[in-house]
Amino acid sequence: MTALLILPGLDGTATLHTAFIEAAAAWFDSVEVVAYPPHRPLDYAELEAISRAALPDKPFVLLGESFSGPVALSIAADPPANLRGLVLSTTFATAPVPFLRTFAPLLHAVPFPLPPSMLLSWWLYGRWATPALETALRDALRQVSPRVLRFRAAIALRVDVLARCAAIAVPVLDLRASDDKLLQRDPGKRMSAAIPRCRTVEVAGPHLLLQAEPEACARIVGEFAAGIDVGRDMLGLPPQPQEPPWLPPSRTSP
């Protein structure tokens, strides 16, 4: 088995993945989450440097969630030798909501408050919302400076790492949510189309997919990771993936 390293969503904390980590532990030697500094507005290059410093020194799969997708893509495009595969969860390589790109500078200049809890819950969880999930989200967001949250939202609205996708050689699993109210579909489709060895799997769930459907996502991610090494063993090759015949088939989780 390999390790799993998670790069988190906009909150940048390691607190929203407890259920997913517990479910994924059956498939991986270890499961860790990189936590970003909660009070420093860091751009994507700086967050990539922090993430690279946290990469395991053993074989691992990298998971980039939502806001952190561009970081994960950049790492996979210039990977360490022990990276076995990449998982992308409800994320993007270019502006996730293109028509809002021109408004990104306003997030720096105007101290917008966070949306009301009810709106955030509808936006990020939809019909999967539970009191426990809503409380966990509020607690995670309270750990981060509002200025940092606005800064991260602004850089996400302007990001473009699509050109780097063509350099990704490891197998890639792209998890999409059936009821994602935050991300538009076109940026995700462009991202997956630009990655040479990418399989998209749609899971019934909201934008915060790992939180709402942790067991289903852990199983799909675990099978993906296990399949990489199985495929290498069948070919009699060392455990570094090159061709993706062992990628899981496209499917929608029940």
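**Parallel strand pairing and local features of the predicted model**

Leu173 has Arg199 of strand β6 as its bridge partner, in a model that is predicted. This pair belongs to the parallel arrangement of β5 (residues 172–177) and β6 (residues 198–203), which are joined by six bridges. Between these two strands the chain passes through helix α8 (residues 185–194), and the resulting β-α-β crossover is right-handed. Across the whole protein the pLDDT averages 86, and 82% of the residues score at least 70.

On its other pairing, β5 is joined to β4 by four bridges, again in the parallel sense, and here Leu173 of β5 stands opposite Val87. Leu173 is thus named in two pairings, with Val87 and with Arg199 of β6. Strand β4 (residues 83–89) is largely enclosed by the rest of the structure, because seven of its seven residues are buried. Strand β4 also pairs with β3, over six bridges and with the strands parallel, and within this pairing Leu62 stands opposite Leu86 of β4. The connection from β3 to β4 runs through α3, and this β-α-β crossover is right-handed.

Two loops that follow these strands each contain a residue with an unusual backbone angle. Most residues other than glycine have a negative phi. Ser66, in the loop between β3 and α3, nevertheless has a positive phi of about 45° although it is not a glycine. The relative accessibility of Ser66 is 10%, so this residue counts as buried. Thr90, located in the loop between β4 and α4 (104–109), likewise has a positive phi, near 40°, and is not a glycine. With a relative accessibility of 1%, Thr90 also counts as buried.

The loop between β3 and α3 also contributes to the one aromatic pair of the structure. This pair is formed by Tyr44 and Phe67, which are stacked with a centre-to-centre distance of 4.9 Å and an angle of 25° between the planes. Because Tyr44 lies in helix α2 (residues 44–53) and Phe67 in the loop between β3 (60–65) and α3 (69–77), the pair ties together parts that are 23 residues apart in sequence. Both Tyr44 and Phe67 are buried. A further side-chain arrangement that involves a ring is found at Arg127, which lies over the face of Trp128 at 4.0 Å from the ring centre.

A contact between parts distant in sequence is found at Ala23, a residue of helix α1 (residues 18–24). When residues up to four places away in sequence are not counted, Ala23 touches Pro214, Glu215 and Ala218. The C-alpha atoms of Ala23 and Arg219 are separated by 7.8 Å, although the two residues are 196 residues apart along the chain. Ala23 has a relative accessible area of 18%, and therefore counts as buried, the cut-off being under 20%.

One segment calls for caution in interpretation. Over residues 231–254 the pLDDT stays under 50, and for this segment the model has 50 contacts beyond four places in sequence. Where pLDDT is low, the predicted coordinates should not be read in detail.

Technical notes: Residues numbered from 1 in each chain as written. Predicted model: local features only at pLDDT ≥ 70, side-chain atom pairs only at ≥ 80, totals over all residues. Heavy atoms only, no water. Pairing = 2+ DSSP bridges. Right-handed = clockwise from strand over helix to strand, strands pointing away. pLDDT = per-residue confidence, 0-100. Contact = heavy atoms within 4.5 Å. Phe/Tyr/Trp six-rings, centres within 6.5 Å; stacked < 30°, edge-to-face > 60°. Buried < 20%, exposed > 50% of the residue type's maximum accessible area, 1.4 Å probe, protein only. Lys NZ or Arg CZ within 6 Å of the ring centre and 35° of its normal.
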